[in-house]
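Open the model in your viewer and keep the sequence panel beside it. The tour below goes from one selection to the next and says what is found at each stop.

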Amino acid sequence: MPSWWVALYLLAGPEMVSIPAGEFEQGRSFAWKDYDVPWYPNPAKDDTPARRVKLKAYSLDVAEVTNQRYHAFVKATRHAPPYHWKKGVPDPAKLNHPVYNVSYDDAVAFCAWDGGKRLPTEAEWERAARGAAEGKMYPWGDRAITPADAVYDAKDGPQAVCGKTRNAFGLCDMTGNVWEWCADWYGQRYYASAPAENPPGPPTGIYRVLRGGSWFDTPPLFLSLPYRSWARPAERSPTIGFRCAK
């Protein structure tokens, strides 16, 4: 018999949003202050060139995977819990907070368990995050970010999911709260040579892509829609979580 955690999870189920097939502009089409200064410490300028990308239809979790959902997975599969959970159990006061200290492989394993899902590709993540905001800095446009929009520049970790304004697709926390693992290997110059339809990311690499910014980051750069970050697949961090696609 499943534990009450697993039974509750199966009863409630995760909410997903269907993202229709279509094209969008991926990447940064606006200028950043100082980017053209030769000494500016920008190692990649890796969010250009902006380009049209065509994607098949897919679905994406409305919210980042929470401690409650991840604990159901741990109980059902005996997968190792995040190392900061006391006695392998999440803080009861933070069940609806995004899980963190999970590696890329942890995220992949959860998504597969959660109804045969997977991590979104980087292009799928950006398409979903943008909604109708093509060429814009944030899901709501180019105006400055406010505390009503996202969890950022905080001192005490992420907050409960879906506590901020949702984007045009009805998705929560596509900006801030925790960085989100994507399926792709990171390629610094990938945009210049990637296929125009359903780009899967480079075939190999050292790092996996992270998108969305976190509670720890400051605007506007790290929280902007086109910004690309990366981490080694084994990394576990208080700023990194994920959501699943299908």
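A disulfide here is a pair of cysteine sulfur atoms within 2.5 Å. The model is predicted, and by that criterion it holds 2 disulfides. With the bonded cysteines numbered in sequence order, the pairing reads 1-4, 2-3.

**Stop 1: the 1-4 pair**

Select Cys111 and Cys244 and show their side chains. Their sulfur atoms lie 2.2 Å apart and form a disulfide. Cys111 belongs to helix 3 (residues 104-113), while Cys244 sits in the segment after strand 8 (240-241), so this link ties together parts that are 133 residues apart in sequence. Look along the S-S bond: the torsion is -90°, and the link of Cys111 and Cys244 is left-handed. With a surface switched on, check both ends; Cys111 and Cys244 are both buried.

**Stop 2: strand 4, next to Cys244**

Keep Cys244 displayed and add Ser59, which lies in strand 4 (residues 58-61). Which residues does Ser59 touch, leaving aside those up to four places away in sequence? The contacts are Met16, Val17 and Ser18, together with Cys244, Ala245 and Lys246. Ser59 therefore touches one of the cysteines from the previous stop, Cys244. Ser59 has a relative accessibility of 17% and counts as buried, because the cut-off for that class is under 20%.

**Stop 3: the 2-3 pair**

Now select Cys162 and Cys172, which a disulfide joins with an S to S distance of 2.1 Å. Both cysteines lie in the loop between helix 4 (122-130) and strand 5 (179-185), so the bond ties together parts that are 10 residues apart in sequence. The torsion about the S-S bond of Cys162 and Cys172 is about 100°, so this disulfide is right-handed.

Are the two ends buried or partly exposed? Cys162, at 29% relative accessibility, counts as partly exposed. Cys172 is buried, with a relative accessible area of 0%.

**Stop 4: Cys182**

Move along the sequence to Cys182. At 0% relative accessibility, Cys182 counts as buried.

**Stop 5: the second largest pocket**

Finish by selecting His84, Trp85, Pro90, Asp91 and Lys94. These are the lining residues that lie nearest the centre of the second largest pocket, out of 15 that line it. The volume of this pocket is about 260 Å³. Colour the lining by residue class: the second largest pocket has 7 nonpolar, 4 polar and 4 charged residues around it.

Conventions: Residues are numbered from 1 along each chain as its sequence is written. This is a predicted model: local features need pLDDT of at least 70, side-chain atom pairs count only at pLDDT 80 or more; totals for chains, interfaces and linings use all residues. Side-chain values use heavy atoms; hydrogens and water are left out. On a 1 Å grid over the protein atoms alone, a cavity is a set of points where a 1.4 Å probe fits but cannot get out, and a pocket is an open set with protein on both sides within 12 Å along at least five of seven lines; lining residues have an atom within 4 Å of a point. Grid points are joined across faces, edges and corners, and a volume is the space filled by probe spheres set on the points. Ala, Val, Leu, Ile, Met, Phe, Trp, Tyr, Cys and Pro count as nonpolar, Asp, Glu, Lys and Arg as charged, and the others, Gly among them, as polar. Helices (H or I, at least four residues) and strands (E, at least two) are DSSP runs, numbered from the N terminus. Buried means under 20% relative accessible area, exposed over 50%, partly exposed in between (1.4 Å probe, protein chains only). Contact means heavy atoms within 4.5 Å.
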